[in-house]
Amino acid sequence: MLEGSKTNSEYLSKEDSCCVGSHPRNDLVLQDPTVSRFHCEIRLTPQGPLLKDLGSRNGTFVDGVQVLSGVLKSGSLLRLGTTTLQFQLGTELNKLPVSQEGRFGTLLGSSVPMRVAYALLEKAAASDATVLLDGETGTGKGAAAESIHRQSSRASGPFIVVDCSAIPENLLESELFGHEKGAFTGATERHIGAFEEASDGTVFLDEIGELPANLQPKLLRVLESKEIRRVGSNVRKEVDVRIIAATNRDLRAEVNAGRFRSDLYFRLAVLRVTLPPLRERAEDIPELLEHFLSMANPAAGELEWLRAPELVSKLQSLSWAGNVRELRNYLERCAIFGSAPAPLEGPMKGSTVQSEVDLSIPLSSARERAVVAFERHYLDALMKSHDWRVGKAAEQAGIDRISLWRLLRRHGIKNPRRSRD
């Protein structure tokens, strides 16, 4: 540290990431009022030590230039508020726990970044601790949550999923905690919420970063006391559930912005696991390709052309902003249309359907694949044309709002403005 409250002091990180800020739960704590609670993070990646600003109030500057994200070089000067740090890449190697397995549940990939994640997921499965899964969209957080449950002592209990981004705010409290008959207009009978329904099992709260502010203290109460209260009731009821949450947002940045409670964040992040993006584990793409081809169950040799070395090399060179989900969608398109359209650098978008069809598969199979692809593209275009206003979109499509919500959830279609990191 060159300038600040602890001038000439040093901090040596023994992990693959280091969070810097004024909150005492950071790895490197800076007692500087101009430094945000969670100011920035430095994480080792295949490209080098990557610095990411966490939505800090006064910004993060590297060698005099303000950055949101960038790869550091040894000797770089970092200015956070009125504190100046010098970054040095050490010569000693930190030993991180790495799983010996090449998969965890339904998660695939033998790369080192994935096996580091597996080591943490294995610890999560062996405990009953609350888990926070974070990572970019499409990295497999849902699969990780279910795999933790299936390998835990609660495997015989229910696994209940609540997508906090797909349920209207006025219905989410009832979905989580339940309601009594007559609690509000339309409550014609008692409803059991997710926490009661998941008794002796696991509740998976997907997109927890979308949880409305008025529900955050109620969720915190569940985590602290293991009790819930149905909407319209004065009686508290004990629940025996494990909570796994997931987000593609950085909740530390949400805490800085005042959109997420810091005490709730720490209650959720008892064990925090970050799933790496596909671009940081490109060596897993051939294995993922084989897996998706086996699921397609084509006639012998029908999709052999997808294994061509030049195509696999091209797939490995792309950034895959939508990660494994985008790769899967691309391969599905290849299987449906019998050719390889140019992969997109961003999330897969609806494009003109090619006229070629594969006549080697039965009509029923071809129809089913085409319908799924068309439905996904239709819904994506529908929501964009109505600026993601569900009511207007449902009206044009000739279906009710609930049916549209279910279709959007089935195809994993979400408002990008609400899914943005």
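How many bridges join strand 1 to strand 3, and in which sense do the two strands run? The views below are taken from a predicted model, and the first of them answers this.

**View 1. Strands 1, 3 and 4 of the predicted model.** Strand 1 (residues 17–21) runs antiparallel to strand 3 (residues 40–45), and four bridges join the two. Within this pair, C19 is placed opposite E41 of strand 3. Strand 3 also pairs with strand 4 (residues 48–53), in the antiparallel sense and over six bridges. Here R43 has L50 of strand 4 opposite to it. The connection from strand 3 to strand 4 is a hairpin of two residues.

**View 2. The antiparallel open sheet of four strands.** The strand order in this sheet is 6-5-8-9, and the pairing is antiparallel. Strand 6 (65–67) and strand 9 (83–86) are the edge strands, each with pairing on one side only. On average, and with direction ignored, neighbouring strands of the sheet are turned by 30° against each other. Strand 5 (residues 60–62) and strand 8 (residues 77–80) run antiparallel and are joined by three bridges. In this pair, F61 lies opposite R79 of strand 8. In a regular strand, side chains point alternately to the two faces of the sheet.

**View 3. The parallel open sheet of five strands.** Five strands make up this open sheet, ordered 13-14-17-12-18, with parallel pairing. Its edges are strand 13 (159–163) and strand 18 (271–274), both of which pair on one side only. From one strand to the next the twist averages 20°. Strand 14 (residues 202–206) pairs with strand 17 (residues 242–247) in the parallel sense over four bridges. V203 has I243 of strand 17 as its bridge partner.

**View 4. Helix 1 on the parallel sheet.** Which strands does helix 1 touch where it packs on the sheet? Helix 1 (residues 112–125) touches strand 12 (131–134), strand 17 and strand 18. The direction of helix 1 makes about 150° with that of strand 18. Strand 18 is one of the edge strands of this sheet, while strand 17 stands between strands 14 and 12 in the strand order.

**View 5. The crossing of helix 12 and helix 13.** Helix 12 (residues 390–397) and helix 13 (residues 401–410) have axes that come within 9 Å and cross at roughly 100°. The two helices are therefore roughly perpendicular to each other. Helix 12 makes the contact with V390, G391, A393 and A394, and helix 13 with R401, L404 and W405. Sorted by class, the residues in this contact are five nonpolar, one polar and one charged.

**View 6. The largest cavity and its lining.** Empty space left among the atoms is shown by rolling over them a probe the size of a water molecule. The whole structure holds two cavities of 30 Å³ or more. The largest cavity contains about 90 Å³ of space. Its lining consists of E173, F177, K218, R221, V222, E227, I228, R229 and R236. Two or more lining residues come from each of helix 3 (169–177), helix 5 (216–225) and strand 15 (227–228). Helix 5 gives the largest share of the lining, three residues. What is the make-up of this lining by residue class? Six of the lining residues are charged and three are nonpolar, with no polar residues.

Key. Residues are numbered from 1 along each chain as its sequence is written. This is a predicted model: local features need pLDDT of at least 70, side-chain atom pairs count only at pLDDT 80 or more; totals for chains, interfaces and linings use all residues. Side-chain values use heavy atoms; hydrogens and water are left out. On a 1 Å grid over the protein atoms alone, a cavity is a set of points where a 1.4 Å probe fits but cannot get out, and a pocket is an open set with protein on both sides within 12 Å along at least five of seven lines; lining residues have an atom within 4 Å of a point. Grid points are joined across faces, edges and corners, and a volume is the space filled by probe spheres set on the points. Ala, Val, Leu, Ile, Met, Phe, Trp, Tyr, Cys and Pro count as nonpolar, Asp, Glu, Lys and Arg as charged, and the others, Gly among them, as polar. Axes are lines fitted to C-alpha atoms, for helices over the stretch in contact, and angles run from 0 to 180 degrees between N-to-C directions. Angles under 35 degrees count as roughly parallel, over 145 as roughly antiparallel, 65 to 115 as roughly perpendicular and the rest as oblique. Contact means heavy atoms within 4.5 Å. Two strands pair if DSSP finds at least two bridges between them.
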